[in-house]
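Colleague: I would like to go through this structure feature by feature. Please start with how to read burial.

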Amino acid sequence: MGGKAKKAHTWNKDRIKGQLEIQSMVWPGLIFLFIFSYIPMYGIIIAFKDFNIMSGFAGGDFVGLKYFRQFLTDPQLPLVLKNTVMINLLGLLIGFPAPILLAILITELRGKKFRKLAQTVSYLPHFLSWVIFGGIMLELLASGGIVNKMLNMFHLVDGSLNLMADPGKFYMIFTVISVIKSIGYGSILYISAITSVDQDMYEAAYIDGANRFQKIAYITIPAIMGTIVIMLIFQISNILNTGFEQVLILQNSLNISASETIDTYVYKIGMTQQRYSYATAVGLFKSIIAVILLWLANKSSNKITGKGLF
């Protein structure tokens, strides 16, 4: 037994030496992740303390679940929770399939130059900050903007209409703007998955008389189903995160009843009022819910499709 253990140890040592070049690329990332993602987790303790910035993390009295109870009994919670969930559900129904559809359409284009142009144009909004992109959208949707002029041109509305002042339209407007910004970049993963599909399958389908739509339905979509399932699981687990910047930029005093989400509410209550313990408690609560949703979505996916993260 001792000889086998010694031999295994020597083999592992030799294997590590043989992978030094690869490990030299991996270790910086692991160190970065440990410093900026794992060490800051120590700050979670302030969710259970009366944190004071002067006394630091070690100071403050232990208060248990006080700030969790404050959040769960907050009279504003039903409104911000409803807005957060509704925005994310619309994102799930509209925003999730949009990159998949775009990826399929781009890969079906015949002209190589036009395909590259379509990809570049669709990617561009992603590289604009939300401050710039949101500002452009607000100008387009303003009462004197181009959207209003087009609606008047086709006699769909009479006079000027401030779309961003109507809470009833905020969910859909926010979803459409988010899709425009992220659809191109989100399609990259699916385009990569589609291009890796064995081309012999398409040629065989062509010989059998399959048209373009049949190839998409019976070859392309099943081939990328694993990628679709994984991304769907991630999106379901992220259902309480609407994104802070985009909501805050599109938010105003007239649409706040539909635009106030957990992220913006916690920022206003927790950060601007320096209630750091409250903000941390809400963040931890969202993370716990995200882990639960991730587990449930993965379990459901494994049962229904036989595919999942774990």
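Modeller: Note first that this is a predicted model. As for burial, 32% of the 310 residues in the protein chain are buried.

Colleague: What is the secondary structure of the protein chain?

Modeller: The protein chain has 16 helices and zero strands.

Colleague: How does the radius of gyration of the protein chain stand against that of a compact globule of 310 residues?

Modeller: The protein chain has a radius of gyration of 25 Å, whereas a compact globule of 310 residues would be near 19 Å. Along the principal axes, the C-alpha trace spans about 85 × 75 × 35 Å.

Colleague: And among contacts between residues at least 6 apart in sequence, what share joins residues at least 24 apart?

Modeller: That share is 64% in the protein chain.

Colleague: Let us turn to the cores. What is the general idea?

Modeller: In soluble globular proteins, nonpolar side chains tend to be buried together. Here the largest nonpolar core has 21 residues, and Ile100, Tyr190, Ile194, Ile224 and Ile228 have the most contacts inside it. Two or more residues of this core come from each of α5 (97-108), α9 (167-195), α10 (199-207) and α11 (212-223).

Colleague: Which residues does isoleucine 194 touch, not counting those up to four places away in sequence?

Modeller: Isoleucine 194 touches Ala103, Ile104, Thr107, Tyr202, Thr220 and Ile224. There is also a second, separate core of 17 residues, with Ala47, Leu77, Ile262 and Leu284 among them.

Colleague: Now the pockets. How is empty space located, and what is the volume of the largest pocket?

Modeller: Rolling a probe the size of a water molecule over the atoms shows where empty space is left. In this model the largest pocket has a volume of about 810 Å³. Its lining consists of 27 residues, and those nearest the centre are Gly95, Ser178, Ser182, Gln235 and Asn238. The elements that give two or more residues to this lining are α4 (77-95), α9 and α12 (225-237).

Colleague: Which element gives the largest share of the lining of the largest pocket?

Modeller: That is α9, with nine residues. By class, the lining of the largest pocket has twelve nonpolar, 14 polar and one charged residues.

Colleague: What is the volume of the second largest pocket, and which residues are closest to its centre?

Modeller: The second largest pocket holds about 430 Å³ of space. It is lined by 18 residues, and Thr107, Glu108, Arg110, Gln199 and Tyr202 are the closest to its centre. Two or more lining residues come from each of α5, α6 (112-123), α9, α10 and α11. The largest share of this lining, four residues, is from α10. By class, the lining of the second largest pocket divides into six nonpolar, six polar and six charged residues.

Colleague: Can we take some single residues? Is serine 301 buried or exposed?

Modeller: Serine 301 counts as buried because its relative accessibility is 8%, and the cut-off for buried is under 20%. This serine 301 lies in helix α16 (residues 276-304). Leaving aside neighbours within four places in sequence, serine 301 is in contact with Val229, Ile233, Gly306, Lys307 and Gly308.

Colleague: Where is glutamine 274 found, and what is its phi?

Modeller: Glutamine 274 is in the loop between α15 (262-271) and α16. Phi of glutamine 274 is near 60 degrees, a positive value in a residue other than glycine. Glutamine 274 counts as exposed because its relative accessibility is 55%.

Colleague: Which class does leucine 138 fall into?

Modeller: With 27% relative accessibility, leucine 138 counts as partly exposed. Leucine 138 is in helix α7 (residues 130-141). Not counting residues up to four places away in sequence, leucine 138 touches Met164, Ile249 and Leu250.

Colleague: How far apart are leucine 138 and alanine 297?

Modeller: In sequence, leucine 138 and alanine 297 are 159 residues apart, and in space 35 Å, C-alpha to C-alpha.

Colleague: And what of leucine 89?

Modeller: Leucine 89 is in helix α4 and is partly exposed, with a relative accessible area of 35%. Leucine 89 and isoleucine 46 are 43 residues apart in sequence and 31 Å apart in space, C-alpha to C-alpha.

Definitions and conventions: Residues numbered from 1 in each chain as written. Predicted model: local features only at pLDDT ≥ 70, side-chain atom pairs only at ≥ 80, totals over all residues. Heavy atoms only, no water. Core = buried A, V, L, I, M, F, W, Y, C linked by side-chain atoms within 4.5 Å. Buried < 20%, exposed > 50% of the residue type's maximum accessible area, 1.4 Å probe, protein only. Contact = heavy atoms within 4.5 Å. 1 Å grid on protein atoms, 1.4 Å probe; cavity = no way out; pocket = protein on both sides within 12 Å on 5 of 7 lines; lining within 4 Å. Points joined across faces, edges and corners; volume = space filled by probe spheres on them. Nonpolar A, V, L, I, M, F, W, Y, C, P; charged D, E, K, R; others polar. Rg over C-alpha atoms; globule rule 2.2 N^0.38 Å.
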